[in-house]
Amino acid sequence: MKNVISSSDFTRKEIEEIFSVADSIKKGKRPKVKGDKVVALAFFEPSTRTFTSFDVAAKRLGFQTTGFRSEHETSVAKEESFADTMRMLSSYADCLVIRHRYDGAAKFASQITDKPVINAGDGKREHPTQSLMDLYTIRDAFGKIDGLTIGIVGDLKYGRTVHSLMSMLTAFKPKRVHLVSPLQLMLPRNFLKGLNYPYSETSDLGKVIADVDVLYATRIQKERFPDEMEYNKVKESYRIDCETVKRMKERAIILHALPRITEIAREVDRTKNAKYFEQARNGVPIRMALFSKVLGA
Ligand code: CP
């Protein structure tokens with residue numbers, strides 16, 4: 001595996017290998033890697049979890065990290081092009097981890113550099129390493145991914161974690177995926193192409209809540225709306241609270257890539273169903289496992 005641009009870059013075998021390495025890391029074993037590598041974290045868009053967990057993952061493997069958390073810290077603010085910025089980073093580092101507000105930025109970077117590129121979220125397109133964490137957390141909770149019913153609720157139009165998750169699930173055999181969103185935020189039709197599992201679409205979470213094993217909640221992505229008035233119409237479409245949890249299966253889990261705004265009430269954090277902070281914690285072992293694969297174990 002060289003580049004990680006899309007969830008479709010992974011086979012089931014590769015995903016399961018990453019999970020297996022992450023399991024060993026959680027038990028205290030470190031994958032053997034050559035520690036003289038430099039990872040560039042090129043974050044042109046804000047991030048708490050992805051930046052920090054990639055940084056920690058690299059350092060725990062003995063790599064050095066460099067980079068930035070905002071394009072205002074770079075010469076892009078002086079109108080240097082993205083392409084030249086990528087050329088420069090690839091002459092200093094052995095791997096580029098890129099987050100950008102534009103769809104396709106990581107793929108474009110991979111065409112400029114011969115160093116491995118990892119997509120840490122590109123616009124409204126994909127966030128494949130988040131999907132590894134999502135599925136790893138599901139597998140941890142149920143011991144499997146096959147046969148589960150998954151409900152994905154919220155912003156299915158702009159939410160890149162949804163697009164990547166839908167794609168990575170094609171490597172498994174979920175029983176069904178329920179897509180729950182307001183009409184304005186339905187999953188773009190191109191992301192339905194190639195799905196090999198049953199799915200349904202509704203705007204009514206109440207219709208499917210009792211059926212799901214996994215409820216994957218998403219933030220309405222304010223920053224991607226062309227018009228704030230349109231955002232205001234849908235911003236509080238769904239709110240998962242303890243009343244919602246009571247209607248779920250007892251063992252059902254709630255995931256969210258975070259950050260959350262109002263879509264999951266704070267009171268839910270105390271329930272045994274809430275797994276979103278564990279999901280975020282899994283970012284370090286999963287990204288360590290991924291680095292060991294991309295940069296050579
Ligand atoms: N899940 C996620 O991508 O979070 P950050 O935006 O904080 O990195």
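Author: Contact here means heavy atoms within 4.5 Å. The model you are looking at is predicted. With that cut-off in mind, ask away!

Reader: Which residues of α1 and α11 meet, and what makes that a contact?

Author: From α1 come Glu14, Glu17, Ile18, Phe19, Val21, Ala22, Ile25 and Lys26. On the α11 side they meet Pro285, Ile286, Met288, Ala289, Leu290, Ser292 and Lys293. By class, this contact of α1 with α11 is made of ten nonpolar, one polar and four charged residues.

Reader: Why is α1 called oblique to α11?

Author: Start with the numbers: helix α1 (residues 12-26) packs on helix α11 (residues 283-294) at about 120°, and their axes lie 8 Å apart. That makes the pair oblique, because the roughly perpendicular class runs from 65 to 115 degrees and roughly antiparallel needs an angle over 145. The hand of the α1 and α11 crossing is right-handed.

Reader: What makes α2 and α11 oblique to each other?

Author: For α2 and α11 the angle is about 55°, and the axes are 8 Å apart. Roughly parallel requires an angle under 35 degrees, while roughly perpendicular begins at 65. The pair falls in neither class and is therefore oblique. The crossing of α2 and α11 is right-handed too.

Reader: Which residues of α2 and α11 meet?

Author: Arg49, Thr50, Ser53, Phe54, Val56, Ala57, Ala58 and Arg60 of α2 touch Gly283, Val284, Arg287, Met288 and Phe291 of α11. Sorted by class, there are seven nonpolar, three polar and three charged residues in this contact. Gly283 is on the list of α11 residues, and Gly counts as polar here.

Reader: Why is α1 described as roughly perpendicular to α5?

Author: Its axis and that of helix α5 (residues 128-142) come within 11 Å and cross at roughly 70°. Angles of 65 to 115 degrees count as roughly perpendicular, so α1 earns that description against α5. Here α1 passes α5 in a right-handed crossing. The α1 residues Ile15, Ile18, Phe19, Ala22, Asp23 and Lys26 meet Leu132, Leu135, Tyr136, Arg139 and Asp140 of α5. These divide into seven nonpolar and four charged residues, with no polar ones.

Reader: Let's turn to empty space. What makes the largest cavity a cavity and not a pocket?

Author: A cavity is a set of points where a 1.4 Å probe fits but cannot get out, whereas a pocket is an open set. One cavity of 30 Å³ or more is counted, and the largest cavity has a volume of about 70 Å³. Its lining includes Val153, Gly154, Ala217, Thr218 and Tyr238. In classes, that lining holds six nonpolar, three polar and three charged residues.

Reader: How large is the largest pocket, and which residues lie nearest its centre?

Author: The largest pocket holds about 420 Å³ of space. Its lining has 21 residues, and Arg99, Arg160, Arg219, Leu258 and Pro259 lie nearest the centre. Helices α2 (49-60) and α6 (160-168) each give the lining at least two residues. By class, the pocket lining has four nonpolar, ten polar and seven charged residues.

Reader: What is the peptide bond from leucine 258 to proline 259, cis or trans, and how do you know?

Author: Omega is near 5° there, and the bond is cis. Proline 259 sits in the loop between β9 (253-256) and α10 (276-281).

Reader: And what is the sign of phi at glutamate 79, positive or negative?

Author: Phi of glutamate 79 is near 80°, which is a positive value in a residue other than glycine. You will find glutamate 79 in the loop between β2 (64-68) and α3 (82-92).

Notes
Residues numbered from 1 in each chain as written. Predicted model: local features only at pLDDT ≥ 70, side-chain atom pairs only at ≥ 80, totals over all residues. Heavy atoms only, no water. Axes fitted to C-alpha atoms, helices over the stretch in contact; angles between N-to-C directions. Helix = DSSP H or I, 4+ residues; strand = E, 2+ residues; numbered from the N terminus. Left-handed = near helix turned anticlockwise from the far one by under 90°. 1 Å grid on protein atoms, 1.4 Å probe; cavity = no way out; pocket = protein on both sides within 12 Å on 5 of 7 lines; lining within 4 Å. Points joined across faces, edges and corners; volume = space filled by probe spheres on them.
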